[in-house]
Amino acid sequence: MVTLSSDYLGGTITRIRLFASAPNTALAQALCDHLQQLGATRSSVVALDADGDGADLAICIAGEADDAVAALNRRLSRQALPCLFVHVDGGRAQLGPWTYYGHTPCWACYRTTLRFFRGQPQLADHGGSADPAVFVPFVTAQLLALLRGESALIGGAVLAVGGGEADAARALKDPLCEVCSIWSRQPTEAFYVQQD
Ligand SMILES: [Zn+2]
């Protein structure tokens with residue numbers, strides 16, 4: 001039997017929960033079918049407002065459903081369930097941020113920091129393809145690299161689907177993120193820097 005395991009995430013990956021809503025459910029199902037063949041046999045496509053209980057890993061495939069994605073990000077943060085966020089909009093698709101809560105930027109971090117770093121490449125600047133023939137193999141390859149701990153996504157890259165790392169935007173962690181930063185929930189904590 002084929003199995004999917006990850007030293008980086010520390011275990012066997014059998015249940016990938018793919019969160020998606022119309023018009024992206026068919027694309028999510030195509031990816032889900034492929035991941036099942038690779039060993040994530042108990043994977044399933046669920047609505048954006050479903051929960052991630054019992055899953056090993058989450059993938060969120062969404063367009064401009066901002067409120068729903070923001071709420072999902074908060075729920076997954078509470079569960080500490082790692083999630084690969086995929087943005088699909090008008091036939092274009094971008095991969096990232098990869099959110100390993102406590103380690104890498106979350107979706108809210110990315111949305112916040114985009115506003116402050118206007119000089120960096122923005123999602124809208126990127127192409128990326130939502131054609132299933134391009135999307136499914138590209139996302140699968142990146143996911144497998146991620147599970148090996150080798151993907152540029154771990155360093156905060158946001159990739160145009162079908163493109164290379166040269167096309168990447170960058171997600172940064174927001175130290176005051178209300179969702180994923182422990183600092184924002186521990187206001188009594190302070191840091192002092194001494195300068196000579
Ligand atoms: Zn965050």
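Here are some friendly notes on the central sheet of this structure and on one residue of helix α4.

1. A word on the basis. This is a predicted model, in which local features need pLDDT of at least 70 and side-chain atom pairs count only at pLDDT 80 or more, while totals for chains, interfaces and linings use all residues. Residues are numbered from 1 along each chain as its sequence is written.

2. The sheet. Seven strands form an open sheet with mixed pairing, in the order β4-β3-β5-β6-β7-β8-β9. The edges are taken by β4 (44-46) and β9 (169-170); each has a single partner strand, so one side of each is left without a neighbour in the sheet. Strands (E, at least two residues) and helices (H or I, at least four) are DSSP runs, numbered from the N terminus. Two strands pair if DSSP finds at least two bridges between them.

3. Strand β5. Six of the six residues of β5 (residues 57-62) are buried, a term that asks for 20 or more other C-beta atoms within 10 Å of a residue's own (exposed is 12 or fewer, partly exposed in between, with C-beta atoms placed from the backbone). L57, I59 and I61 point one way, A58, C60 and A62 point the other way, and all are buried.

4. The partners of β5. Strand β3 (residues 16-20) runs parallel to β5 and is joined to it by five bridges. Here R17 stands opposite A58, and L18 stands opposite I59. Five bridges also link β5 to β6 (residues 83-89), again in parallel, and there A58 has C83 as its bridge partner. From β5 the chain passes through helix α2 (residues 66-79) to β6 in a right-handed β-α-β crossover (clockwise from the first strand over the helix to the second, with the strands pointing away from the viewer).

5. The helices across the sheet. Helix α1 (residues 25-37) lies across β3, β4, β5 and β6, at about 170 degrees to β3. Helix α2 lies across β3, β5 and β6, at about 170 degrees to β5. Axes are lines fitted to C-alpha atoms, for helices over the stretch in contact, and angles run from 0 to 180 degrees between N-to-C directions.

6. Residue L147. L147 is found in helix α4 (residues 132-147). L147 counts as partly exposed because it has 17 C-beta neighbours inside 10 Å. Beyond its neighbours within four places in sequence, L147 is in contact with L4, S6, Y8, L9 and I13 (C-beta atoms, placed from the backbone, within 7 Å). The C-alpha atoms of L147 and S6 are separated by 4.9 Å, although the two residues are 141 residues apart along the chain.

Notes. Two residues are in contact if their C-beta atoms, placed from the backbone, lie within 7 Å.
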